[in-house]
Amino acid sequence: MKMETKQHQKPILQLLMLTSLAAAAAALTADSPRCRTACGNIPIPYPFGVETGCYREGFGLVCNDSYHPPKLSILYYDYEVIDISIVSGEMRVYLEAGRACYNSTGGLISSSTPPTVLIESPYVFSTRTKYVAVGCPNLGYFVDPAGYYVSGCVSICRPSAYNNLNGSCTGDGCCQSSIPTGLDYYEQYLQNFIVAGGAGIFLANSTPCAYGFLVDADWFRFTPSYLSMTSDLRVPIVLDWAIRNVRNGSAAVHNSTDYACRSANSTFYDSSNGAGYRCNCSKGYEGNPYIETGCQDINECEHKDQYPCYGICTNVPGSYLCECPRGTAGDAFTQDGCRPKDKFTLALKIVTGASLGIFFALFMGFWAYLGLQKKKLIRTRQKFFEQNGGLILQQQMRSCRGVTFKIYAKEELEKATNNFDTDRVLGRGGHGIVYKGILEDETVVAIKKSKIMDDNQTKEFATEMLILSQINHKNVVKLLGCCLEVEVPMLVYEFVSNGTLYSFIHGKDQSFIPFDERLRIAVESAGALAYMHSSASTPILHGDVKSANILLDDKFTAKVSDFGASKLAATDEVQLATLVQGTCGYLDPEYLITCQLTEKSDVYSFGVFILEIFTRKKALYFNGPEEDRSLASCFITAMKEGRCLEIFDSQVKSEARAELLEEIAEIAMQCLSMWGDERPAMTEVAERLERLRRIQKHPWVQANDSEEMDSLLGESLDTHANHINGHNYIEQTVFDLEEGKG
């Protein structure tokens, strides 16, 4: 939006005087004795000068000796010069800040916002300069010659209890904004403003005066003292100067009369801020490139801190030579780089040659040995691959469509686990160690490195893994692949982030787990086992159901894991275990007697798991009395004595209704039957738990469907006494088998 500007007669007169200035008739040189080289303690390098004929057009200065020390300012301007740099092309000057003061009601008392005009001059405002507005409330901005907005900001003071006046200038008492390149005109406005309906926000913490100014960003540091100022303020700014009577140096170099880079050992480079160019001494020279003999050769040998040489240094025009002393050789530019020359005699050459020959022979022998070892390693890996059923697995994978199961190379898993670093260990179990791995595609996985495998399982291993990988259930940990190049195959599973349920129940910092969450985890786990038993393409027995093998993802969804003890259920013959599988405290007593692993073995273990999650007690506890060490035995005793509710966790008893807990106890009791044919199937357990979950989630179902509730609770209570009696004579036997007695 175009803004109407004030008429400022002084800047216009200055502009007219600049544009009408003719070139000095005298030769442009700084060698004349009449040309001052300093004003007080401020050097005046050419193309700047004070006397007529001592400066290039547009670079005139004024030195006022009536001040102490003398005051140097730009000709036709009253901008006091602080310093001038030939190398960086910068000049620092003082400028008066704009100021506006107000009374207690916000009315203007006085205002001073002098413009700064650099049009048609060698100067533009440096981008090292920032526009700053100080005071509250203060809208400070500046415009171009046409009156259009260029840059600005708003400063508001927050109450003292909330402000953060720690030197930052971010809008609280002080604001700042950047300026564009090529800026040669600066006319600012300061406004105290009131916003309708919200005046209190802006006026409650006002300051007597507001300031706006361009300032050297490296110099300015905001402090609270600015907010109490009422006097005039003078600040330093940075101006970039250049030869601006042509567009760039390429255009200027063709005009030898006006070309500013007069020294023979100088060159030009285009200005990065506005039009024009500047001069610089060539490499190896220093001085003032704007006068004939200004760029002088640097004697690098006298400045070894900048030009290191640890040998014989010889200065040459524009550079220097650095050589090692006679009798030595090496790198003279590096400390201790010159060393005495070796006297390489004939005898030494013979010995060296023989040594090299022997070394080469040994090297070739070692290389051949490595080759043989590599071939041996390849043969060993191939042997393990075939031994673990790799060839059969490859054939089956080719014949099956849509198989996502992958066979990994040993190197892939070593790289994914940082060579099986102990820092990557997620857990240790009876069947092996589980590591966290990161594959090349950034997929995070869990890699199980098993300890041992039954020889009778090796032939069927690959086939079983392919079948297990096809389990597609949200509550079962997905098997992604395996590695068969090792003696005991390694398995690759999906990574489950929140660890085991065991750690949540029995960890040092026991997490709060509501009854609803426990029931949901039990339902999800039961559903997963029921799927494995009944719905999978080939029925699968888990063999080691326990809380340590129930993982929780980031949403605390239960996932059944660890198929280390899993077996595929045979359809035409009985599966007999050759090794004891499972974990003490969860073992099926019938399995210990018959060595026959069945679906009902998982049901028994799940019964212990139900007790564990709702009682928050471990399956085996060795620190207590012998009769209380087995959770299953304690529970059976409590059921027999009619105090089953006592065994539940106090939190569970406070959240759940007694009839629901009695039904959970009855389900667990049936699962813990001595003989497998007396236990319910996992599908029945899952359905009953899901029904309880619905009743817990929707209590009004009990009122609307009392027949279902009566059926649910009545049927189980009818069989209650029979199950208790069935445990009278097996209770101690179960505990003795788990303890390894008898």
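## Lys449 and its surroundings

Lys449 is found in strand β29, which covers residues 444–450. The structure described here is a predicted model, and the interest of this position comes from a record: UniProt, in an unreviewed entry, lists Lys449 under "binding site". Is Lys449 buried or exposed, or does it fall in between? With a relative accessibility of 35%, Lys449 counts as partly exposed, because that class lies between the limit of under 20% for buried residues and over 50% for exposed ones.

When residues up to four places away in sequence are not counted, Lys449 touches Phe420, Gly432, Ile433, Tyr435 and Met490.

## A segment named in the record

The same kind of source also marks a stretch of chain, since UniProt (unreviewed entry) places the feature "domain: EGF-like" at residues 297–334. In the model, residues 297–334 are 0% helix and 37% strand, and the C-alpha atoms at the two ends of this stretch are 24 Å apart.

## Helix α12 and its burial

Helix α12 spans residues 631–640. Eight of its ten residues are buried, so α12 is largely enclosed by the rest of the structure. The buried residues are Leu631, Ala632, Ser633, Phe635, Ile636, Thr637, Ala638 and Met639. Just after α12, Gly642 takes a positive phi of about 75°.

## How α12 packs against α11 and α14

Two packed helices are described by the angle between their axes and by the distance between those axes. For helix α11 (residues 599–615) and α12, the axes come within 10 Å and cross at roughly 80°. That angle makes α11 roughly perpendicular to α12, because the range from 65 to 115 degrees is classed in this way. On the α11 side of the contact are Tyr604, Val608, Leu611, Glu612 and Thr615, and these meet Leu631, Ala632 and Phe635 in α12. Sorted by class, the residues of this contact of α11 with α12 are six nonpolar, one polar and one charged.

Helix α14 (residues 658–671) also packs against α12, at an angle of about 120° and with the axes 11 Å apart. That makes α12 oblique to α14, and α12 passes α14 in a left-handed crossing. Here Phe635, Ile636 and Met639 in α12 meet Ala665, Glu666, Ala668 and Met669 in α14. The residues of the contact of α12 with α14 divide into six nonpolar, no polar and one charged. Phe635 takes part in the contact with α11 and also in the contact with α14.

## Two positions linked to distant parts of the chain

Leu501 lies in helix α8, which covers residues 501–506, and Leu501 is buried, with a relative accessible area of 0%. Although Leu501 and Ile550 are 49 residues apart along the chain, their C-alpha atoms are separated by 5.6 Å. Leaving aside neighbours within four places in sequence, Leu501 is in contact with Ile521, Ser547, Ile550, Leu552, Phe609 and Ile613.

Asn245, by contrast, lies in a loop, the one between β17 (234–241) and α3 (249–252). Asn245 is partly exposed, with a relative accessible area of 48%. Asn245 and Gly276 are 31 residues apart in sequence, while their C-alpha atoms are 6.8 Å apart in space. Which residues does Asn245 contact, leaving aside its neighbours within four places in sequence? On that basis, Asn245 is in contact with Arg56 and Asp258.

How values were computed. Residues numbered from 1 in each chain as written. Predicted model: local features only at pLDDT ≥ 70, side-chain atom pairs only at ≥ 80, totals over all residues. Heavy atoms only, no water. Axes fitted to C-alpha atoms, helices over the stretch in contact; angles between N-to-C directions. Helix = DSSP H or I, 4+ residues; strand = E, 2+ residues; numbered from the N terminus. Parallel < 35°, antiparallel > 145°, perpendicular 65-115°, else oblique. Left-handed = near helix turned anticlockwise from the far one by under 90°. Contact = heavy atoms within 4.5 Å. Nonpolar A, V, L, I, M, F, W, Y, C, P; charged D, E, K, R; others polar. UniProt positions renumbered as here; feature names shortened; annotations may be inferred. Buried < 20%, exposed > 50% of the residue type's maximum accessible area, 1.4 Å probe, protein only.
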